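Please open the model in your viewer and keep the sequence panel beside it. The tour below moves from one selection to the next and says what is to be found at each stop.

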Amino acid sequence: STGTVTTLAGSTGHGDVNGVGSGAKFFRPRGLATCQGGNALVVTEFRKMRLRCVTLESLQPEIKEVPPSTLLADFRKIAAGDASMPQGTVTFLVGPNQQRFEHIAKNLLCVRSAYFDSMLRFKWQQSQDLNIEIDEPDTTPAAFESLLEYLASDTLQASSSLQHALGVLTLARKYCVERLEALVLQSLQAGLSAESVVPMLDAVAGSECGEDVRLFEHCRRFILSHSGDVVRAGALDDVHE
């Protein structure tokens, strides 16, 4: 309707290559139809009698937006002196070696995590102990320290490795800390590189979580768009069909 002509996929010459933009090649395309509400195209190829799907820019996967901070409002709840708020502290025994994280205030955990709010108010409310211990064996002390740092300050520590970032992501999901989850996903997406993209894709492969599916798609598109850099980085050496 605007008179603008744009190349969405493919380039000059015949070929049979899947790719992003000009990285794709078609073999004598003849038919074209829209699908998915106009967000994708189906291309028919004349001689091979095949259908090819072109995902349009509008379907580029978007990682969820980072929600606004609630840190000030959460601390106001603590300062207000809610009588129903659990009192006392929690000691966490983290990792296979049970590293101790001591004197974590129950009221801080409750206002910052929906999981802890439910568990400390209801599951453990019958306990007469002001101080309780909780085992957290399935993570690393470094990832758990990043979780606690976020709960106290609303900031995400720079990840020292992909595994560290994924560990923090797992904790954010387990303890229902939505904003931390979004921050980690944003950091993972922004940190995609030729060296990290294949391990990251492998880490989220098979997950049914919507955000992991989107991250997987980002990784896949990155590889297609930067295949030369990924190969030169040696990231594909251990990948087999």
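Leaving aside its neighbours within four places in sequence, which residues is Asp-154 in contact with? Select Asp-154 and display what surrounds it: the contacts, meaning heavy atoms within 4.5 Å, are with Ser-69, Thr-70, Leu-71, Arg-112, Glu-149 and Arg-179.

Before going further, note that this is a predicted model, in which local features need pLDDT of at least 70 and side-chain atom pairs count only at pLDDT 80 or more, while totals for chains, interfaces and linings use all residues. Residues are numbered from 1 along each chain as its sequence is written, and side-chain values use heavy atoms, with hydrogens and water left out.

**The whole chain**

Colour the protein by secondary structure, and nine helices and six strands appear; these are DSSP runs numbered from the N terminus, helices being H or I with at least four residues and strands E with at least two. Of the 241 residues, 37% count as buried, where buried means under 20% relative accessible area, exposed over 50%, and partly exposed in between, with a 1.4 Å probe and protein chains only. The accessible surface comes to about 14,400 Å², and 52% of this belongs to carbon and sulfur atoms; areas come from the Shrake-Rupley method with a 1.4 Å probe, and for residues only the protein chains shown count as cover. Among contacts with a separation of 6 or more, 54% are made by residues 24 or more positions apart.

**Helix α4 and the residue after it**

Select residues 141-153, which form helix α4: its 13 residues should span 18 Å at 1.5 Å a residue, and the end C-alpha atoms are indeed 18 Å apart, the expected span being 1.5 Å times one less than the number of residues. The buried residues of α4 are Ala-143, Phe-144, Ser-146, Leu-147, Leu-148, Tyr-150 and Leu-151. In general, an α-helix has 3.6 residues a turn, so residues three or four places apart point the same way.

Within α4, pick Ser-146, which is buried with a relative accessible area of 0%. Leaving aside neighbours within four places in sequence, Ser-146 is in contact with Gln-157, His-164 and Val-168.

Now return to Asp-154, which follows α4 and has a positive phi, near 70 degrees. Asp-154 sits in the loop between α4 and α5 and, at 10% relative accessibility, counts as buried.

**Helix α8 and Leu-192**

Move to residues 210-225, helix α8, where 16 residues should span 22 Å at 1.5 Å a residue and the end C-alpha atoms are 23 Å apart, which agrees. Show the side chains of its buried residues, namely Glu-211, Asp-212, Leu-215, Glu-217, His-218, Cys-219, Arg-221, Phe-222 and Ile-223. What covers them includes β3 (50-55), α5 (162-174), α6, α7 and α9 (227-232).

Next select Leu-192, in the loop between α6 (178-190) and α7 (197-204); at 15% relative accessibility, Leu-192 counts as buried. Not counting residues up to four places away in sequence, Leu-192 touches Val-197, Met-200, His-218, Cys-219 and Phe-222. A C-alpha to C-alpha distance drawn from Leu-192 to His-218 reads 8.8 Å, across 26 residues of sequence.

**Two positive phi angles and a loop**

Most residues other than glycine have a negative phi. Arg-28, although not a glycine, has a positive phi of about 55 degrees; Arg-28 is placed in the segment before β1 and is partly exposed at 26% relative accessibility. Gln-98, in the loop between β4 and β5 (99-105), also has a positive phi, near 55 degrees, and is partly exposed with a relative accessible area of 43%.

Then select Asp-82, in the loop between α1 (71-79) and β4 (89-94). Asp-82 counts as partly exposed at 36% relative accessibility, and touches Lys-77 and Arg-121, not counting residues up to four places away in sequence.

**Last stop: a pocket lining**

Which strands each supply at least two residues of the lining of the second largest pocket? They are β1 (29-35) and β2 (40-45), and β1 gives the most, with four residues. Eight of the lining residues are nonpolar (Ala, Val, Leu, Ile, Met, Phe, Trp, Tyr, Cys and Pro), six are polar and one is charged, where Asp, Glu, Lys and Arg count as charged and the others, Gly among them, as polar. A pocket here is an open set of points on a 1 Å grid over the protein atoms alone, where a 1.4 Å probe fits, with protein on both sides within 12 Å along at least five of seven lines, and lining residues have an atom within 4 Å of a point.
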